[in-house]
Number of protein chains: 2
Amino acid sequence: MKLGLIGVGLIGGSAAAAWRAGGIRQVIGYDRDAQALRRAHAHGLIDTVAASAAEVARAADLVLLAVPVLALPEVLREIAPALPAQTLVTDVGSTKVSVIEAARAALGAAFARFVPAHPIAGRELPGVDHADPQLFAGKLVITTPVAETDRAACARVEHLWISAGARIVPMDPHEHDRVFAAVSHLPHLLAFALVAAIAAEPDGAHKLGFAGAGFRDFTRIAASSPEVWRDICIANRTALSAELRRYRALLDHLQAAVDGADAPLLERTFAAAAAARRQLTTWEGE
Amino acid sequence: MKLGLIGVGLIGGSAAAAWRAGGIRQVIGYDRDAQALRRAHAHGLIDTVAASAAEVARAADLVLLAVPVLALPEVLREIAPALPAQTLVTDVGSTKVSVIEAARAALGAAFARFVPAHPIAGRELPGVDHADPQLFAGKLVITTPVAETDRAACARVEHLWISAGARIVPMDPHEHDRVFAAVSHLPHLLAFALVAAIAAEPDGAHKLGFAGAGFRDFTRIAASSPEVWRDICIANRTALSAELRRYRALLDHLQAAVDGADAPLLERTFAAAAAARRQLTTWEGE
């Protein structure tokens, strides 16, 4: 089976490596960043360098789209006319509703062979140089097939993720976007915001020099790719906006509690959080 | 040298163990939580169990106050009449201005022998059962002596921290409180708030079930002691309030950017954060 990889970043490069265990024999890759493409080839993640997304689509049995989510509509339009009749398409986007809409609009009849998926894995250091075939071992992959999605296509993509060590959880795309707005997109935005706020202060660098382990954990995700997370925040803005609004309302209360030295309110909020955090069941260990 | 430990939680228990390397031969301890006190004795962290804070003070060459910061004024008033003429007092509070004020008010002439200190170390699992003599190895300890502070007393306390593997950084107490409002107190409040906000949603438990590594890092500090952090937020409310207000103003802008799909503003903010986060010099490794 020949994989066509469009977007050779951390996730795409890691998937191309990890899926070899599931029967991928050859990988043809394209990225508009020529340097990333060369490095992916040098690392042995792709066997053949293509000159365009359409060239990848023409040559592949399965196309993996691993570009920032706002770049997906254009890439889908580029590959649509080039897709062979049996070729499958899948993605790794962190948002699903807008990706599915873009695929439905671009792919026509081939939309039945589009399998929307989201591996819950990553690391804060982006780029193909940090690609790792073990990135998905023990992690979840959410698939969000819709009524039109071909079941055999879905099973084939799921098989590849399982071969990479992941566990599949099917989910409704709208539910997916609400869940990950809360537990992934909002925390990324908050972590970026904290580091940006401190760095913008006149003595920000001095303050950051005293960051301890807690700050480092809290802000580790703020080293993630700005472009990837800009796209995610916009693609999932409806769900993210609701979560952010709810969070800001709580911060308004906490500001009043700090200013008014309202110890009981602070303790109630912190205790509710500590209890919930300590109860987090670990599906990947901590 | 005989150490008197008042407050046998994670930090007090760890310091009592770590300071043995610096010449502490005996430890007498007190905690109003009788069970914690018994466990500290059972773990060998303290040699003698006292019936009160005053009894500890009477018996010690050095008193280490390791209670939540809002409990310090009362404890200082309790020990003041019992302190022998040469006995030193130090603390581990995460805020310094209010602690110094309380010590000045309570200790009278003995205030010269009070050494305000703050070890930048901890873990998210509180309590004496998680005490660890290696907790301070490679970490910073901020000391914030004031004009009245006896230099020999300060040097003696610093020697104990150095023997525990820590590095000393002297700092003005007001500066300390501003720095740690930004890089410690605010992130704790934000992490507690995020977990509390999600847990309070009707489907909060379902959402938390999909928390990935990023969420776990971001919220690890939300498992910290609610009482300790309630006290810190109130004791340092002036500096924390200013940081929180600044942060909320940035979130207002980011909410507008998300709602208005303002990609350039999101990217600029995220890129500034990612650059600053990646540049964090590591004095304790990551």
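**Exercise 1. In this predicted model, work out through which surface the two copies meet, and what chain A brings to the contact.**

Step 1. Start with the overlap. Of the interface residues of chain A, 100% are also interface residues in chain B, so the copies meet through the same surface.

Step 2. Now count. Chain A puts 73 residues into the contact, and chain B puts in 73 residues.

Step 3. Find the elements behind the chain A side. At least two residues each come from α7 (173-199), α8 (204-208), α9 (213-219), α10 (226-235), α11 (237-259) and α12 (263-279) of chain A. The largest share, 17 residues, belongs to α7(A).

Step 4. Sort that side by class: you get 46 nonpolar, 11 polar and 16 charged residues.

**Exercise 2. Find the operation that superposes chain A on chain B.**

Step 1. A 180° rotation, with 0.0 Å of shift along its axis, does the job at an RMSD of 0.0 Å.

Step 2. The two copies are thus related as by a two-fold rotation axis.

Step 3. Want a landmark in chain A? Look for A:Phe218: its C-alpha is the one nearest the axis in that chain, at 2.0 Å.

**Exercise 3. Lay out the two open sheets of chain A, with their strand orders and edges.**

Step 1. Take the sheet of 6 strands. Its order is β3-β2-β1-β4-β5-β6 (chain A), and the pairing is parallel. The edges are β3 (48-49) and β6 (114-115) of chain A; each has a single partner strand, so one side of each lacks a neighbour in the sheet.

Step 2. Check the pairing at the β6 end. Two parallel strands meet there: β5 (residues 88-91) of chain A and β6(A), over 2 bridges. In register terms, A:Thr90 has A:Val115 in β6(A) as its bridge partner. Helix α6 (residues 151-163) of chain A packs on the sheet here, touching β5 and β6 of chain A, and its direction makes about 55° with that of β5(A).

Step 3. Go inward to β1 (residues 2-6) of chain A. It runs parallel to β2 (residues 26-30) of chain A, with 5 bridges joining them, and A:Leu5 has A:Gly29 as its bridge partner in β2(A). Of the 5 residues in β1(A), 4 are buried, so the strand is largely enclosed by the rest of the structure.

Step 4. Now the other sheet: 3 strands, order β7-β8-β9 (chain A), mixed pairing. Its edge strands are β7 (117-119) and β9 (167-170) of chain A, and each has a single partner strand, so one side of each is left without a neighbour in the sheet. From one strand to the next, the twist averages 25°.

Step 5. Zoom in on β8 (residues 140-143) of chain A. It runs parallel to β9(A) and is joined to it by 4 bridges; A:Thr143 sits opposite A:Pro170 in β9(A).

**Exercise 4. Is B:Gly4 buried or exposed? Follow its surroundings from there.**

Step 1. Place the residue: B:Gly4 is in strand β1 (residues 2-6) of chain B.

Step 2. Count neighbours. There are 31 C-beta neighbours inside 10 Å, and the cut-off for buried is 20 or more, so B:Gly4 counts as buried.

Step 3. List its contacts, skipping residues up to four places away in sequence: they include B:Ile28, B:Val56, B:Leu62, B:Val63 and B:Leu64.

Step 4. Several of those sit in β4 (residues 62-65) of chain B. From that strand B:Leu62 and B:Leu64 point one way, B:Val63 and B:Leu65 point the other way, and all are buried. As background, side chains in a regular strand alternate between the two faces of the sheet.

Step 5. Trace the pairing. β1(B) and β4(B) are parallel over 4 bridges, with B:Leu65 as the bridge partner of B:Ile6. Next along, β4(B) and β5 (residues 88-91) of chain B are also parallel over 4 bridges, and B:Val63 stands opposite B:Val89.

**Exercise 5. Which residues touch the most other members of the largest nonpolar core?**

Step 1. This core has 214 residues, and the top ones are A:Ile6, A:Val63, A:Phe192, B:Ile6, B:Val63 and B:Phe192.

Step 2. Look at one of them. Beyond four places in sequence, the contacts of A:Val63 include A:Gly4, A:Ile6, A:Val56, A:Ile79 and A:Val89.

Step 3. The general trend: nonpolar side chains tend to be buried together in soluble globular proteins.

Methods
Residues numbered from 1 in each chain as written. Chains lettered and ligands numbered in written order. Predicted model: local features only at pLDDT ≥ 70, side-chain atom pairs only at ≥ 80, totals over all residues. Pairing = 2+ DSSP bridges. Axes fitted to C-alpha atoms, helices over the stretch in contact; angles between N-to-C directions. Least-squares fit on C-alpha atoms with pLDDT ≥ 70 in both. Contact = placed C-beta atoms within 7 Å. Nonpolar A, V, L, I, M, F, W, Y, C, P; charged D, E, K, R; others polar. Core = buried A, V, L, I, M, F, W, Y, C linked by C-beta atoms within 7 Å. Buried ≥ 20, exposed ≤ 12 C-beta atoms within 10 Å, placed from the backbone.
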